[in-house]
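Q: I would like to learn how to read a few features of a protein model. Could we take them one at a time?

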Amino acid sequence: MEGIVQGVGFRPFVHALAARLRLGGLVGNDADGVFAEVEGPRTIEEFLLRLERDAPPLARIDRVRSWPIPPTA
């Protein structure tokens with residue numbers, strides 16, 4: 001995710017959202033913004049919808065990119 005997503009509580013929000021949806025994975029940040037890898041029984045589309053709809057008030061998401069990655073085990 002790119003935009004104003006660092007220093008506004010975005011990573012804890014992503015973690016809590018994934019936990020509520022019973023998704024596993026990880027969340028972190030790099031020079032481009034915040035990244036998340038999620039997996040689980042719920043649809044990723046629901047996660048992406050809530051990610052933008054329910055973001056912290058000070059966050060501003062300019063772009064979300066997503067793509068499938070193969071499982072590691």
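The turns below go through aromatic pairing, salt bridges, a pocket and the surroundings of one residue.

Q: What should I keep in mind about the kind of model this is?
A: This is a predicted model.

Q: How is a pair of aromatic rings described?
A: Two values are given: the distance of the ring centres and the angle of the planes. The structure here holds one aromatic pair. Its partners are phenylalanine 10 and phenylalanine 13, with 5.7 Å centre to centre and 50° between the planes.

Q: Which class does that pair fall into: stacked, edge-to-face or tilted?
A: Planes under 30 degrees apart would count as stacked and over 60 as edge-to-face. The pair of phenylalanine 10 and phenylalanine 13, at 50°, is tilted.

Q: Where do the two phenylalanines lie, and are they buried or exposed?
A: Phenylalanine 10 and phenylalanine 13 both belong to helix α1, residues 10-20. They are three residues apart, about one turn of the helix. Both phenylalanine 10 and phenylalanine 13 are buried.

Q: When can charged side chains pair?
A: Side chains of opposite charge can pair when their charged atoms come close. The structure has five salt bridges. In one of them, glutamate 2 pairs with arginine 63, and the closest N and O atoms are 2.8 Å apart.

Q: Why does the bridge between glutamate 2 and arginine 63 tie together separate parts of the sequence?
A: Glutamate 2 is in strand β1 (residues 2-4) and arginine 63 is in strand β4 (residues 60-63), so the bridge ties together parts that are 61 residues apart in sequence.

Q: With which arginine does glutamate 2 meet in a salt bridge of 3.9 Å, N to O?
A: That partner is arginine 65. The link again spans distant parts of the chain, from glutamate 2 in strand β1 to arginine 65 in the segment after β4, 63 residues apart.

Q: How accessible are these three residues?
A: Glutamate 2 is partly exposed, at 23% relative accessibility. Arginine 63 is partly exposed as well, with a relative accessible area of 41%. For arginine 65 the value is 48%, and this residue too is partly exposed. Through shared partners, salt bridges join Glu2, Arg63 and Arg65 into one network.

Q: Which residue meets aspartate 62 in a salt bridge?
A: Aspartate 62 meets arginine 60, at 2.8 Å from N to O. Arginine 60 is partly exposed, with a relative accessible area of 44%.

Q: How much space lies in the largest pocket, and what lines it?
A: The largest pocket holds about 840 Å³ of space. Its lining comprises 29 residues, and Ala36, Glu37, Val38, Trp67 and Ile69 lie nearest its centre. The elements giving two or more residues to this lining are β2 (24-30), β3 (33-39) and α2 (44-53). Of these, β3 gives the most, with seven residues.

Q: What classes of residue make up the lining of the largest pocket?
A: There are 17 nonpolar, five polar and seven charged residues in that lining.

Q: For a single residue such as valine 27, what can be read from its surroundings?
A: Valine 27 is part of strand β2. Its relative accessible area of 26% makes it partly exposed, because buried means under 20% and exposed over 50%. Beyond its neighbours within four places in sequence, valine 27 is in contact with Arg11, Val14, His15, Val34, Phe35 and Ala36. Its C-alpha atom is separated by 6.4 Å from that of arginine 11, although the two residues are 16 apart along the chain.

Notes. Residues are numbered from 1 along each chain as its sequence is written. This is a predicted model: local features need pLDDT of at least 70, side-chain atom pairs count only at pLDDT 80 or more; totals for chains, interfaces and linings use all residues. Side-chain values use heavy atoms; hydrogens and water are left out. Rings of Phe, Tyr and Trp (its six-membered ring) pair if their centres lie within 6.5 Å; planes under 30 degrees apart count as stacked, over 60 as edge-to-face and the rest as tilted. Helices (H or I, at least four residues) and strands (E, at least two) are DSSP runs, numbered from the N terminus. Buried means under 20% relative accessible area, exposed over 50%, partly exposed in between (1.4 Å probe, protein chains only). On a 1 Å grid over the protein atoms alone, a cavity is a set of points where a 1.4 Å probe fits but cannot get out, and a pocket is an open set with protein on both sides within 12 Å along at least five of seven lines; lining residues have an atom within 4 Å of a point. Grid points are joined across faces, edges and corners, and a volume is the space filled by probe spheres set on the points. Ala, Val, Leu, Ile, Met, Phe, Trp, Tyr, Cys and Pro count as nonpolar, Asp, Glu, Lys and Arg as charged, and the others, Gly among them, as polar. Contact means heavy atoms within 4.5 Å. A salt bridge is a side-chain nitrogen of Lys or Arg within 4 Å of a carboxyl oxygen of Asp or Glu.
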